[in-house]
Amino acid sequence: MAIEQMTMPQLGESVTEGTISKWLVAPGDKVNKYDPIAEVMTDKVNAEVPSSFTGTITELVGEEGQTLQVGEIICKIETEGANPAEQKQEQPEASAEAETPAPAAENRAEEASQPNKKRYSPAVLRLAGEHGIDLDQVTGTGAGGRITRKDIQRIIETGGVKERPEEPKTAAPAPASASSPKPEPKKEEISYPASTAGDKEIPVTGVRKAIASNMKRSKTEIPHAWTMMEVDVTNMVAYRNSIKDSFKKTEGFNLTFFAFFVKAVAQALKEFPQMNSMWAGDKIIQKKDINISIAVATEDSLFVPVIKNADEKTIKGIAREINDLAKKVRDGKLSADDMQGGTFTVNNTGSFGSVQSMGIINYPQAAILQVESIVKRPVVMDHGMIAVRDMVNLCLSLDHRVLDGLVCGRFLGRVKQILESIDEKTSVY
């Protein structure tokens, strides 16, 4: 028998880490090759990780909620084959031989025997930060030397390791003092608010980390500007409402208002290609393909799948893609390819009743359009008459490095014109 190691796979072109959201197996379970063994969340997708071997699960190295780098061990599987136990026993001997001439080898041997020592859970980091415990000085009792919450609680209860020890064994004190500024990042961690009795702690998932990172980057790097236009969509609303039931019966999915907005934006982008651009330092890249990113929210995450070549699709084709992508998000089956290649984002903020908002641009795109809620308002018509109309606000956030108010105003005016011209003569096919 042989012990094989399963590692965190690369679930996407630019993915560097994944978070184990749920184990689908337990130690002792028998699995076949390609059987799903875990659900993993990245900043782009949720995916099931298949087994690379047929055998028996011997150890789950990664814990649920733990984020691991691509290539790190997530579990071990016993398969048929040569027993590598002898090789594992040789490593400590080799390290012992090198102990005197090369102390660094001792550290490597310790890391090999405790591969999980520095994989800290959020709870361990929080407790250590609150009580000033130096995790480098803690011996973990978990799998692979992992430091568990119980290890930290035991130290707190017994008054053990707290501040960093004075390191009397260090040969030269000068390097120690030179490295003294290194604990500063820990001070920054401790500055976050601490929970109190009754509070609920919610671990930050891989997707939520990616959202936070991307939003921070967008707001700090992109000089945002905003503009808004009011659109009369009375005729569009009447037309869609008149055909929605027959459309659903014929096609099997809903014809939403959002499909009309996405189609109008795609058409306007074709006429104003400057809007379909990205800042690239010493140049602006004007994208050839018009790929519309759409925001799809779940209870705790936000995904931005992409409708590729939206300008070439009909309203029906766009409605189908919106339906299919939203279903993939709900089912956790969105692929990395579904999330890549977006050039402009349209966000359906009106779906939850918003009437005005300022979106944060989806980096590295140059603009995002918020489609707000359609509401009935009294509007002054021609000849001074007042009528109740279906009105919607379109709110555009733009990267002022790439775009100026003139082109954005013309673009938004063209979107308005397209939407206000939709009526019973418009074909959705």
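1. Let's start with a quick check on helix α11, which covers residues 405–420. It has 16 residues, and at 1.5 Å a residue it should span 22 Å; the C-alpha atoms at its ends are 22 Å apart, so the two values agree. Do keep in mind as you read on that this is a predicted model.

2. Stay with α11 and look at how it sits. Which of its residues are buried? They are Val-407, Cys-408, Phe-411, Leu-412, Arg-414, Val-415, Ile-418 and Leu-419. Around the helix axis they take up an arc of only 155°, which means they are on the same side of α11. The face turned away from that buried side carries exposed residues: Gly-405, Leu-406 and Arg-410. If you wonder how a helix can have sides at all, here is the rule of thumb: an α-helix has 3.6 residues a turn, so residues three or four places apart point the same way.

3. What covers that buried side? The list includes three stretches of strand, β16 (344–347), β17 (367–371) and β19 (386–399), together with β9 (224–232) and the helices α8 (234–251) and α9.

4. Now for the nonpolar cores. The largest one has 59 residues, and those with the most contacts inside it are Met-275, Ile-292, Phe-344, Leu-396, Phe-411 and Leu-419. Helix α9 (residues 257–271) is the top contributor to this core, giving 10 residues. Phe-411 and Leu-419 should look familiar, since both are among the buried residues of α11. As background, nonpolar side chains tend to be buried together in soluble globular proteins.

5. Leu-396 is a good residue to click on. Not counting neighbours within four places in sequence, Leu-396 is in contact with Ala-225, Trp-226, Thr-227, Met-275, Phe-344, Ala-367, Ile-368, Leu-369, Cys-408, Phe-411 and Leu-412. Among these partners, Cys-408, Phe-411 and Leu-412 are buried residues of α11. Apart from the largest core lies another one, of 16 residues, and its members include Leu-11, Ile-37, Val-40 and Val-49.

6. Next, a sheet. Four strands form an open sheet with antiparallel pairing, in the order β5-β4-β2-β7. Its edge strands are β5 (46–50) and β7 (67–69), each of which pairs on one side only. On average, and ignoring direction, neighbouring strands here are turned by 40° against each other.

7. You can follow the pairing residue by residue. Between β2 (residues 17–23) and β4 (residues 36–41) there are four bridges, in the antiparallel sense. Thr-19 has Met-41 of β4 as its bridge partner, and Lys-22 stands opposite Glu-39 in β4. β4 is also joined to β5 by five bridges, and these two run antiparallel. Here Ala-38 is partnered by Val-49 in β5; Val-49 is also a member of the 16-residue core.

8. A few backbone oddities deserve a look. Most residues other than glycine have a negative phi, and most peptide bonds are trans. Tyr-34, in the loop between β3 (30–31) and β4, has a positive phi near 80°. His-383, in the loop between β18 (375–380) and β19, has a positive phi too, about 65°. Are these two buried or exposed? Tyr-34 counts as exposed because its relative accessibility is 61%, and His-383 counts as exposed because its value is 81%; the cut-off for exposed is over 50%.

9. One peptide bond also stands out. Tyr-363 and Pro-364 are joined by a cis peptide bond, with omega at about 5°. You'll find Pro-364 in the loop between β16 and β17.

10. Last stop: α4 (149–158) and the loop before it. Ile-147 is in the loop between α3 (122–131) and α4, and at 1% relative accessibility Ile-147 counts as buried. Leu-135 is 12 residues away from Ile-147 in sequence, and their C-alpha atoms are 8.2 Å apart in space. In α4 itself, Asp-151, Ile-152 and Ile-155 are buried. Down the helix axis, the buried residues of α4 fall within an arc of 95°, so they line one face. Lys-150 and Glu-157 are exposed on the other side. After α4 comes Gly-159, with a positive phi near 70°.

Note on methods
Residues numbered from 1 in each chain as written. Heavy atoms only, no water. Core = buried A, V, L, I, M, F, W, Y, C linked by side-chain atoms within 4.5 Å. Buried < 20%, exposed > 50% of the residue type's maximum accessible area, 1.4 Å probe, protein only. Contact = heavy atoms within 4.5 Å. Expected span 1.5 Å × (residues − 1). Arc of directions from axis to C-beta. Pairing = 2+ DSSP bridges. Axes fitted to C-alpha atoms, helices over the stretch in contact; angles between N-to-C directions.
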